Amino acid sequence: NAIAQTSISETDKIAAWTKTWGFLKYFHPAVTHGTMDWDDVYINRLDSLKTITSKEELNTHFIGLIDSLNKQTQLQWNSKDGMFVETILESLDEPAIFSDELIQAMRETALQRISGKNRFLDYFPNGYPLFLEENSYEENYYPKKSYRLLALARMWSTVEFFFPFKKERITKGWGSVLKQQIPAFINAKNELEYYKAIGSTLYELHDSHSAIMMHSKNYRAIGDKILPYHFSFIEGKAFVDSKRKISNVTENEDQLEYGDMI
């Protein structure tokens, strides 16, 4: 008798690992209160995904990881946040990829997590999350593929678990964005394409608070020139509400004025 196994693509494997890694980063006691280099775990496990060819193997692989973490810490039942845990698992529960057994292992992990501050997370007095222990790896503007995917994994995980307007703003689904962006991060051939991949991920938040900040060494991957105007948007239309004085530009060359509709 032949037993059919469900094949799985590289993008699906990386997406599943990113979801699992982010979940364990913020909710498994052995990770949140341990000392292991969790970035290094992400990168090393990327290599191990190459030999996995089916959904069944992938789930067995992740369940094995959770079991190994369970042996490193004493789990304590904390079921008072049951509804919160189900909300967390809602977007991770992808039947085409994750088995019921794996989702149950995640559920039991979340229900037994240690409450309060963990090594990766704290909160400002106003309730906004503060992300800790994040190595910036500043020595390289164009990191190799595994570190580019790590950047995506960090971005995706923080939004997945801590962005309160995820459902309202990200109408296509944050999980769909992850699968959409994985090829962009893998195929980025230089610094500019890598930063564009980051920018196109932030775009999917549809939130003006998201931005690529200036690098600490004043490196600007997408250039240091800006349009010398500022725009406001009203009823879907843009108009000029201010402009900067630019040297070596005559009045005749400067065609836009305050109040011009674009």
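## A tour of aromatic pairs, a pocket and a buried glutamine

Begin by selecting Tyr42, which is buried, with a relative accessible area of 0%. The model on the screen is a predicted one, and each stop below is a selection to make in it.

Keep Tyr42 displayed and add Trp21, which at 0% relative accessibility also counts as buried. The structure holds 13 aromatic pairs, and these two residues form one of them: the ring centres of Trp21 and Tyr42 are 5.1 Å apart and the planes stand at 65 degrees, so the pair is edge-to-face, the term used for angles over 60 degrees. Colouring by helix helps here, because Trp21 belongs to helix 1 (residues 10-27) and Tyr42 to helix 3 (residues 38-48), so that the pair ties together parts 21 residues apart in sequence.

Next, follow helix 1 to Tyr26 and select Phe162 in helix 7 (residues 145-162) along with it; this pair ties together parts that are 136 residues apart in sequence. The rings of Tyr26 and Phe162 have their centres 5.1 Å apart, with planes at 80 degrees, and the pair is therefore edge-to-face. Tyr26 is buried, with a relative accessible area of 5%. To see the surroundings of this pair, widen the selection to Phe23, Phe27, Phe131 and Phe161, which together with Tyr26 and Phe162 form one aromatic cluster.

Two charged side chains are worth displaying at this point. Lys25 lies over the face of Phe120, at 5.1 Å from the ring centre, while Arg169 lies over the face of Phe165, at 5.5 Å from the ring centre.

Now turn on a surface and look for the second largest pocket, which holds about 760 Å³ of space. Of the 33 residues that line this pocket, those closest to its centre are Thr87, Ile88, Glu160, Phe161 and Lys166. Helix 5 (82-92) gives the largest share of the lining, five residues, and the elements that each supply at least two lining residues include helix 1, strand 1 (121-123), helix 7, helix 8 (166-169) and helix 9.

Finish in helix 9 (residues 174-187) by selecting Gln181. Is Gln181 buried or exposed? With a relative accessible area of 4%, Gln181 is buried, because buried means under 20%. Which side chain does the side chain of Gln181 meet in a polar contact? The partner is the side chain of Thr201, at 2.9 Å. Leaving aside neighbours within four places in sequence, Gln181 is in contact with Leu152, Ala197, Ser200 and Thr201, so display these four residues to complete the view.

Definitions and conventions
Residues are numbered from 1 along each chain as its sequence is written. This is a predicted model: local features need pLDDT of at least 70, side-chain atom pairs count only at pLDDT 80 or more; totals for chains, interfaces and linings use all residues. Side-chain values use heavy atoms; hydrogens and water are left out. Helices (H or I, at least four residues) and strands (E, at least two) are DSSP runs, numbered from the N terminus. Buried means under 20% relative accessible area, exposed over 50%, partly exposed in between (1.4 Å probe, protein chains only). A polar contact is a pair of N or O atoms within 3.5 Å; within protein, one must be able to donate a hydrogen and the other to accept it, and residues adjacent in sequence count only if both atoms are side-chain atoms. Contact means heavy atoms within 4.5 Å. Rings of Phe, Tyr and Trp (its six-membered ring) pair if their centres lie within 6.5 Å; planes under 30 degrees apart count as stacked, over 60 as edge-to-face and the rest as tilted. A charge sits over a ring if NZ of Lys or CZ of Arg is within 6 Å of the ring centre and within 35 degrees of the ring normal. On a 1 Å grid over the protein atoms alone, a cavity is a set of points where a 1.4 Å probe fits but cannot get out, and a pocket is an open set with protein on both sides within 12 Å along at least five of seven lines; lining residues have an atom within 4 Å of a point. Grid points are joined across faces, edges and corners, and a volume is the space filled by probe spheres set on the points.
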